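Here's a walk through the fold, going from sheets to helix pairs and ending with the empty spaces. Have the structure open and follow along.

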Amino acid sequence: MVMDLERLGVDYLLVNSTNEFLAEYSDLQENARYTLTKFSGSTGDALVCKDGMVYLFADGRYHIQAEREISDGITLIKLQPGERQDDVIRKIIPDGAILGIVAEKNSQARVESFNGINIKLLQLDPVNFYTNFNHNKIELLPQSLCGKSFEEKIANIPRPFFISNQEEVSYLINGRDFSKNYSSKIQGKLLLTDYENVLFTDMNVSESLHGIEVLPLDRCEEILSAVDYPVYVDKSSINAKDYAALRYPENRISPIKEMKAIKTKEEIESYKQAFKSTDEALLATREFIMNAKETSEYEIAEVLQGNFKKSGARSLSFKSIVAKDKNSSLAHYSNSSRDEIVKDGSLVLIDCGGYYDNGLATDITRVFFKGNPSDEHKKIYTFVLKMFLNAFNAAITENISGYDIDKIVRDMVKEYPIHGYTFGHGLGHGLGINVHEAPPNLSLSEVAKTPLKNGMCFTIEPGLYNSSTFGVRLENSCYFADNQIRSFARMPYEEKLIDFSLLTETEKNWLKEFELV
């Protein structure tokens, strides 16, 4: 790698997990960070240094997984809650050094955030230059599922505007791709002008896209470079290569972020049905676990996927987590093993979700136990349940944000710390075409300070983890309506894991109300 850096003319090289669309979940075959480090988590980049050091950055969800997966010679930097990866990178790079950044795999905003550091934009990724060309079919949703037409959605968008975020493009054209697991997004970029609307994609468009001209994706740079007037872009979602192609780019926060965050009544109603089916799939899987004398994580995951299919899911919304005992302490454990046998005395955590006909991701986490749980199992499960109940029933004030709700739970953990168990991730995330979207967000981050608005959908998923024993996470997907938090999920909790003596009378009533609705 030292020789590579010399050839590239840089002292440090940023190695990304993203593709040219800056997607959170890119296929591992096009994930350069995975190619370099063998870490398969959805977020976190690597930094290659001229002295041969290679750093991998992972947040609290992935600390243990990263330790298990990374190649020899990789140094893991464990980011703490509220700590930003790029702030740590800036501290590593000395004055005068040159940082190589792959232009098409980083947003323009991120490139500019490294101001003060000498940047060299690279046109090709020296670690992994694989491109996943998508020629699958775009399916157009009926208005009964999405609530608004393309024309209605773009009516208030200032023009000309160039949009390359996959969720935003999919949202605007009401298009989905159900051909593969873990995504319903289409692969395309959209240019909106006063004269025409152009979708750049290599996907098969068999249905008429009313009011949209379709061109191959490889025409995008050529068309952008020919536009001789200012074009609005959101620097946080356009990659640096596309940004450089424009003659007169003008930064503007994308209005589509909030548009798609606030779900229509049609989307909310279709979401309710999707979550009803999700509950059914998980309940059926619970029955399988309880009735099987012995089974494995892998077999449970296979049964779970089959139950999602039976419930009408078009695909899974992310790779299901089926984790027993110590594995449940990994917040994003996803390599369900044939060798991990679930039997009497096993705790099992399942985090799963699916895409149904509306193309919106569902997400839920429950913890089950075969046999009789110990007092330790009951104590941790009950405290996590308390965390959820207090967040779900937060007193709603004007302009309440996910940051405020996250703080309620974090203050509980500070006031009543449980030795050996940590809560190392945010309380929740927004939901939509992608299983993670923002706004809204429930965490210590700045984006979490965005006030909640009616129609926003998000998870509440507190957890406590001990790498030597087990972890518990209880996740419900919720929505904000009439200035109140309501739950899509109705999946009951495990009564034998609840120590009711640890619940206050108020919390007991909250639990009854939650399970009776």
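Helix α4 (residues 85-92) lies across β1, β2 (46-49), β3 (54-58) and β4, running at about 155° to β3. Before going on, some ground rules: this is a predicted model, where local features need pLDDT of at least 70 and side-chain atom pairs count only at pLDDT 80 or more, while totals for chains, interfaces and linings use all residues. Residues are numbered from 1 along each chain as its sequence is written, and side-chain values use heavy atoms, with hydrogens and water left out. Helices (H or I, at least four residues) and strands (E, at least two) are DSSP runs, numbered from the N terminus. Angles run from 0 to 180 degrees between N-to-C directions, with axes as lines fitted to C-alpha atoms, for helices over the stretch in contact; contact itself means heavy atoms within 4.5 Å.

The strands under α4 belong to an open sheet of 6 strands, in the order β4-β3-β2-β1-β5-β6, with mixed pairing. Two strands count as paired if DSSP finds at least two bridges between them. β4 (74-78) and β6 (118-122) are the edge strands, each with a single partner, so one side of each has no neighbour in the sheet. On average, neighbouring strands here are turned by 25° against each other, direction ignored. Look at β1 (residues 12-15) and β5 (residues 98-102): they run parallel, joined by 2 bridges, and Tyr 12 has Leu 99 of β5 as its bridge partner.

Now move along the chain to another open sheet, with 3 strands in the order β17-β19-β21 and antiparallel pairing. β17 (321-324) and β21 (364-369) sit at its edges, each with a single partner strand, so one side of each is left without a neighbour in the sheet. The average turn between neighbouring strands of this sheet is 15°, direction ignored. β19 (residues 347-352) pairs with β21 over 6 bridges, and Arg 366 in β21 is the bridge partner of Ile 350. Helix α13 (residues 297-310) packs on this sheet, touching β17 and β19, and its direction makes about 150° with that of β17.

α13 also meets helix α12 (residues 265-291): their axes come within 9 Å and cross at roughly 145°. The crossing is right-handed (the near helix is turned clockwise from the far one by less than a right angle; anticlockwise would be left-handed). Among the residues making the contact are Leu 282 and Phe 288 of α12, and Val 303 and Phe 308 of α13. By class, this contact has 9 nonpolar, 3 polar and 1 charged residues (Ala, Val, Leu, Ile, Met, Phe, Trp, Tyr, Cys and Pro count as nonpolar, Asp, Glu, Lys and Arg as charged, and the others, Gly among them, as polar).

What about the empty space? The second largest pocket has a volume of about 490 Å³. A pocket is an open set of points on a 1 Å grid over the protein atoms alone, with protein on both sides within 12 Å along at least five of seven lines; lining residues have an atom within 4 Å of a point. Points are joined across faces, edges and corners, and a volume is the space filled by probe spheres set on them. Of the 26 lining residues, the closest to the centre are Glu 20, Glu 104, Thr 131, Leu 217 and Lys 241. The lining divides into 8 nonpolar, 7 polar and 11 charged residues.

Methods: 1 Å grid on protein atoms, 1.4 Å probe; cavity = no way out; pocket = protein on both sides within 12 Å on 5 of 7 lines; lining within 4 Å.
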